[in-house]
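Colleague: Please choose how the strands are arranged as the part for a close look, and then extend the account to helix packing and enclosed spaces.

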Amino acid sequence: MQLVEQGKIDLDEDVNKYLTTFQIPPGPGGPITMRHLMTHTPGFDDTAPGTLAKLSPTEFLPLGTALAEHVPARVRPPGQISVYSNYGAALAGYIVQQLSGEAFEKYIYTHIFKKLDMVSSTFTEPVPAPLNGNLATGYYYSRGQMKAGPFEYIHNFAPTGGMTTTAEDMARFMIAYLQGGQFKNERILEKSTADAMLRRSFSQDPVLPGMALGFYEMQAGKRTLLTHKGRTTFFMSQLALLPEENFGVFVAYNAAEGAGADESLIRALIGRYFAGSSASVDRKANSSNSATEIAQIEAQRITGVYRTTWHSQRTFGRVFMLGRDVHVTATDDGNLLVEEGDELLLFQHVLGNFYRESRTQEPLVVRRDAGNIRIFRVSPVMALEKLSMFERSDTHYWLLGIGFLGALASVIATIRRLAFRRTPIASYAGGLAMSAAAAVLLTFAIGMMFLFASPAASVIAWRVPTALRYLVWLPPLGVLMAVGAVLLGLLVNRKSLADRWFLIGAAAVAILAWSLNYWNLMGPHFG
């Protein structure tokens with residue numbers, strides 16, 4: 001926004017205009033703008049695990065190099081929906097670096113930290129002395145006790161969350177925004193610019209929290225706060241501003257178990273001290289019989305299985321969504337039951353596509369777009385998207401179970417045939433080759449189980465395990481072997497293609513290949 005004031009950035013210009021070392025490839029819906037990046041609406045796929053954070057300075061890359069090497073796929077038109085994009089935030093920071101001619105870390109120090117007297121804040125990693133002597137340790141809970149975690153370096157994508165700071169420094173930052181861009185005698189933005197950053201710039205619906213520029217809205221009772229969270233594996237933090245009360249709060253926890261506690265504390269503070277109402281958009285219920293009947297019909301259409309849009313669709317990270325579906329069912333009176341993990345929420349129909357949770361009054365809006373059904377709730381940086389039958393986790397559990405059982409049966413049958421050979425191998429050569437293909441996929445399954453049960457799985461947030469890089473080649477190898485088995489059967493003995501164990505093996509390979517391909521495990525998809 002400082003560069004916007006200087007006329008160096010147009011928020012609605014194609015970001016490729018500001019990129020010289022690489023370009024964002026074309027995608028659906030036209031070019032991506034800086035406004036899209038700042039409202040998390042660029043339409044990028046989520047970044048893959050092992051991309052953002054690293055455990056050693058030996059893995060450091062320059063910001064521009066890291067961005068060029070890990071450009072995510074464009075999976076939706078820009079400006080359509082808001083889905084949090086770490087890559088988009090890092091790209092915005094890189095554009096600042098490009099146009100200012102200063103390294104991102106230096107720019108922030110000179111033009112923000114120094115002006116606001118934020119003497120304990122830095123984007124430099126490793127954290128320079130003397131600040132490194134005051135570093136907090138992050139923890140995680142394991143086997144009944146808290147254990148210290150390693151320091152996570154976000155150097156490669158520093159603008160996404162590589163800042164090390166204190167609550168006192170963050171207080172100065174918040175005061176600057178509450179005072180229109182000024183702290184003491186220093187100004188980081190003109191008042192009009194600071195105010196523009198706190199105004200809504202994008203929203204799915206007027207009744208829902210929306211996106212400002214950099215900040216996003218959060219509902220606490222009847223109050224609307226401007227907020228932003230910070231999350232690493234071992235640290236949880238959140239900043240929130242209530243400008244009309246000249247109030248701000250920053251909270252941080254040095255353990256993953258702090259997830260949720262940050263927002264709960266902020267809501268409790270707002271409820272205690274600022275419970276009064278503020279301007280908000282609401283909709284009144286229509287209680288007529290015809291409206292109820294329409295609501296019942298609509299609720300039945302909404303019923304189904306959903307998944308958050310905040311996940312990687314094109315990398316192996318998609319597999320971490322297996323088993324994390326959200327179930328939505330209709331009640332007899334046209335309301336919606338939303339089951340997410342252990343939580344069951346009742347959203348009562350108000351009017352049209354608008355619902356409110358019976359206890360917390362949380363809003364919910366349903367939208368249809370090009371055949372997709374999406375549910376929007378209080379988080380402005382994600383939505384729930386309805387899944388088809390073949391995208392649902394329970395369907396894939398069945399497919400994977402049947403596929404691996406079929407593959408195992410095919411392998412066992414072939415071993416028995418070889419052990420108690422009563423017919424020439426040529427008579428079941430195709431089945432033998434198909435069983436070998438099934439065995440390769442079984443090896444992949446066993447390898448994955450051992451991998452995720454081993455210590456190597458614990459570092460997947462920071463790097464892709466070497467074993468996984470090799471394992472993902474087994475499924476395509478198995479498919480190639482299955483094709484070879486068919487060709488072998490055609491050449492040696494075509495009757496073997498009708499053998500039941502050949503057919504069982506072929507069906508197992510086909511089922512497994514389809515499911516593994518859906519989860520991006522058919523070859524390397526590491527982002």
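The answer below treats strands, then helices, then spaces inside the fold.

Modeller: This is a predicted model, in which local features need pLDDT of at least 70 and side-chain atom pairs count only at pLDDT 80 or more, while totals for chains, interfaces and linings use all residues. Residues are numbered from 1 along each chain as its sequence is written, and side-chain values use heavy atoms, with hydrogens and water left out.

I begin with the barrel. Eight strands close into a barrel in the order 9-10-11-12-13-14-15-16, with antiparallel pairing. Strands are DSSP runs of E with at least two residues, helices are runs of H or I with at least four, and both are numbered from the N terminus. Two strands count as paired if DSSP finds at least two bridges between them. From one strand of the barrel to the next, the twist averages 30°; angles run from 0 to 180 degrees between N-to-C directions, and axes are lines fitted to C-alpha atoms, for helices over the stretch in contact.

Several pairs within the barrel can be followed residue by residue. Strand 9 (residues 304–308) and strand 10 (residues 326–330) run antiparallel and are joined by three bridges, with Gly 304 opposite Val 328 in strand 10. Strand 10 is also joined, by four bridges, to strand 11 (residues 336–340), again in the antiparallel sense. In that pairing Ala 330 stands opposite Leu 336. Five residues separate strand 10 from strand 11 in the hairpin that they form, and Gly 334 in its turn has a positive phi of about 85°. Further along the barrel, five bridges join strand 14 (residues 363–369) to strand 15 (residues 372–376) in the antiparallel sense; here Arg 368 stands opposite Ile 373.

There is also an open sheet, made of four strands in the order 5-6-7-8 with antiparallel pairing. Its edges are strand 5 (216–220) and strand 8 (247–253), each of which pairs on one side only. The twist averages 30° between successive strands of this sheet. Five bridges hold strand 5 and strand 6 (residues 223–231) in antiparallel register, and Leu 226 of strand 6 is the bridge partner of Glu 217.

Two helices accompany this sheet. Helix 8 (residues 261–273) packs on it, touching strand 5, strand 6, strand 7 and strand 8, and its direction makes about 150° with that of strand 8; contact means heavy atoms within 4.5 Å. Helix 6 (residues 167–178) lies across strand 7 (236–242) and strand 8, running at about 30° to strand 7.

Helix packing is also described for helix 11 and helix 13 (residues 474–492), whose axes lie 7 Å apart at an angle of about 175°. These two helices are therefore roughly antiparallel to each other, a label given to angles over 145 degrees, whereas angles under 35 count as roughly parallel, 65 to 115 as roughly perpendicular and the rest as oblique. Residues in the contact include Ala 433, Ala 437 and Phe 444 of helix 11, and Gly 478, Ala 482 and Ala 485 of helix 13. By class, the contact has 17 nonpolar, four polar and no charged residues. Here Ala, Val, Leu, Ile, Met, Phe, Trp, Tyr, Cys and Pro count as nonpolar, Asp, Glu, Lys and Arg as charged, and the others, Gly among them, as polar.

Helix 11 also takes part in a pocket. On a 1 Å grid over the protein atoms alone, a pocket is an open set of points with protein on both sides within 12 Å along at least five of seven lines, a cavity is a set where a 1.4 Å probe fits but cannot get out, and lining residues have an atom within 4 Å of a point. The second largest pocket has a volume of about 440 Å³, volume being the space filled by probe spheres set on the points, which are joined across faces, edges and corners. Its lining has 16 residues, of which Leu 322, Leu 400, Phe 404, Ala 445 and Met 448 lie nearest the centre. Helix 10 (393–419) and helix 11 (429–453) are the elements that give two or more residues to this lining, and helix 11 supplies the largest share, seven residues. The lining divides into 16 nonpolar, no polar and no charged residues.

Finally, two cavities of 30 Å³ or more are found in the whole structure. The largest cavity has a volume of about 60 Å³, and Gln 204, Pro 209, Phe 376, Ser 379 and Pro 380 lie nearest its centre among 13 lining residues. That lining has seven nonpolar, five polar and one charged residues. The second largest cavity, of about 50 Å³, has four nonpolar, four polar and three charged residues in its lining; Asp 45, Asp 46 and Arg 76 are among them.
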